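Reader: I'd like to learn how to read a model like this one, feature by feature. Can you walk me through it?

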Amino acid sequence: MTQENRYRAYTLRNYKELPQIKNLSPEEIEAIEVVGRVLPFKANNYVVNELIDWNNIPDDPMFTLTFPRKEMLSPSHYNQVLKMLDMDTRDDVYKEKINKIRLKLNPNPAGQKQNVPTMTGDKLHGMQHKYRETVLFFPSQGQTCHAYCTFCFRWPQFSGMSDLKFAMKEADLLHKYLKRKKKVTDVLFTGGDPLTASAKALSSYIEPLLTEEFAHIRTIRIGSKALSYWPYRFLTDKDADNLIELFEKVNKAGKNLAYQAHFNHPKELSTKAVKLAIERIQNTGAQIRTQSPLLRKINNHPDIWAEMWKKQVDLGCIPYYMFVARDTGSKAFFEVPLDKAWDIFRKAYSSVSGIARTVRGPSMSAFPGKVIITGVTEMKGEKVFVLKFLQCRNPKLVGIPFFAKHDPKATWLDQLKPAFGESEFFYEKENLLGKKVEEDVLWE
Ligand SMILES: *Cc1c(COP(=O)(O)O)cnc(C)c1O
Ligand code: SF4
């Protein structure tokens with residue numbers, strides 16, 4: 001191993017050892033100290049040395065993606081924490097105050113807890129089953145990441161707020177659950193980043209799924225940011241070869257290994273290491289699909305998306321989702337109104353060839369499902385958003401267009417009102433999403 005592929009994390013405790021920190025102003029350092037106590041902060045040597053442009057601080061997108069900045073907290077929260085900088089972080093009063101702020105930042109959006117399945121009365125906390133075909137699994141060893149994104153909505157999982165942790169210890173329960181659910185075709189391993197788990201831990205979850213009992217499971221999906229934050233995971237890490245072998249085994253068993261890669265900016269696709277890692281994954285027979293939220297200060301321009309999608313296609317990856325940033329954490333810093341999001345999507349989409357137009361968006365993962373904005377238009381003299389479900393708790397509602405009153409400022413589904421003076425959206429009628437749906441179409 002060389003210096004560059006030996007993983008080294010930088011957190012509040014040691015980031016000042018970085019020579020690049022000399023480029024920061026005292027205000028920027030203070031912001032890291034303050035905001036980093038509320039939102040999780042972790043960078044690593046690859047992010048610091050190969051992705052961040054230290055001549056472009058603080059506006060460099062990769063810096064903003066991983067280093068806390070002042071505006072990520074409201075002025076009142078910022079000042080509260082600033083006054084607490086001298087306190088012992090193990091002090092109960094300190095912890096309580098910090099947790100109070102964290103709870104105000106809505107750490108559990110889109111009813112994630114409501115989608116935790118049960119089996120013989122027990123809640124299966126490491127799983128989420130919201131859409132009939134796909135079960136999400138959060139391996140307990142994968143509840144961290146190789147670096148932390150400042151926009152992340154999963155941060156309660158890493159910041160010691162343990163009652164919000166979805167992680168499940170036993171692979172056994174996952175397998176028992178899936179054995180019964182014959183309509184499930186996809187298991188999506190997520191986190192945190194499931195690829196922070198060892199190849200051995202991942203094998204214990206995945207290999208049993210390759211047997212005859214699980215013939216209904218067709219696709220093993222892995223949602224990960226390791227390609228952008230630590231491509232050496234696939235190249236030189238101690239168990240990189242074992243991980244690659246595991247991917248090969250999935251394909252040899254006649255199933256798909258679908259790798260859902262999180263890339264937020266074209267810069268993440270530019271290094272030699274990421275290109276080699278992508279190639280290595282593809283050589284196992286796996287396909288890589290890509291996704292990212294749309295984020296102010298990181299990628300809120302159509303040219304950035306077009307460049308990102310083109311680069312992905314060049315590297316043999318399939319553009320998959322553009323998400324609207326969730327209503328949590330530092331959302332106020334990153335948010336882009338839906339109207340603007342649609343405009344960026346459309347301009348980027350129309351500037352690439354059909355090969356890259358596999359991407360869907362902008363999509364909100366909201367309580368009822370994944371809702372995309374398919375257009376802004378005028379109907380019956382009213383300006384409206386045209387929306388539809390890409391995914392829904394009730395699969396019968398997928399793909400049906402519906403309309404919301406146009407609102408240039410709205411940033412999330414819950415701020416939208418039905419168009420044409422109606423009192424409810426179509427899916428709110430007749431309990432189309434409620435308990436009965438689960439019994440009818442999800443859990444049988
Ligand atoms: C997005 C998502 C999935 C997967 O949806 P696909 O459209 O199949 O990629 C599954 N579960 C949840 C909760 C999701 O948000
Ligand atoms: S990689 Fe994903 S889970 Fe990890 S910090 Fe970033 S957004 Fe959050």
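Author: Sure, let's start with polar contacts. A polar contact is a pair of N or O atoms within 3.5 Å; within protein, one must be able to donate a hydrogen and the other to accept it, and residues adjacent in sequence count only if both atoms are side-chain atoms. Here, an oxygen atom of ligand 1 is 2.8 Å from an N or O atom in the side chain of Tyr-320. For Tyr-321 the distance from a ligand 1 oxygen to a side-chain N or O atom is 2.4 Å, and for Lys-370 it is 2.7 Å.

Reader: What percentage of the area that ligand 1 exposes when taken alone does the protein bury?

Author: Accessible areas come from the Shrake-Rupley method with a 1.4 Å probe; for residues, only the protein chains shown count as cover. Taken alone, ligand 1 exposes 380 Å², and the protein buries 87% of that.

Reader: Before we go on, what should I keep in mind about the model?

Author: This is a predicted model, where local features need pLDDT of at least 70, side-chain atom pairs count only at pLDDT 80 or more, and totals for chains, interfaces and linings use all residues. Residues are numbered from 1 along each chain as its sequence is written, chains are lettered from A and ligands numbered from 1 in the order in which they are written, and side-chain values use heavy atoms, with hydrogens and water left out.

Reader: Which residues are around ligand 2?

Author: A residue is near a molecule if one of its heavy atoms lies within 4 Å of it. By that rule, the residues around ligand 2 include Cys-145, Cys-149, Cys-152 and Lys-225.

Reader: And how do I read an aromatic pair?

Author: Rings of Phe, Tyr and Trp (its six-membered ring) pair if their centres lie within 6.5 Å; planes under 30 degrees apart count as stacked, over 60 as edge-to-face and the rest as tilted. There are 28 such pairs in the structure. One of them, Tyr-15 with Phe-41, is edge-to-face, at 5.7 Å centre to centre and 75 degrees between the planes.

Reader: Any backbone oddities?

Author: Yes, take the peptide bonds. Ile-57 and Pro-58 are joined by a cis peptide bond, with omega about 5 degrees. Another cis bond links Gly-361 to Pro-362, with omega about -15 degrees.

Reader: Which residue has a positive phi although it is not a glycine?

Author: That's Lys-297, with a phi of about 75 degrees.
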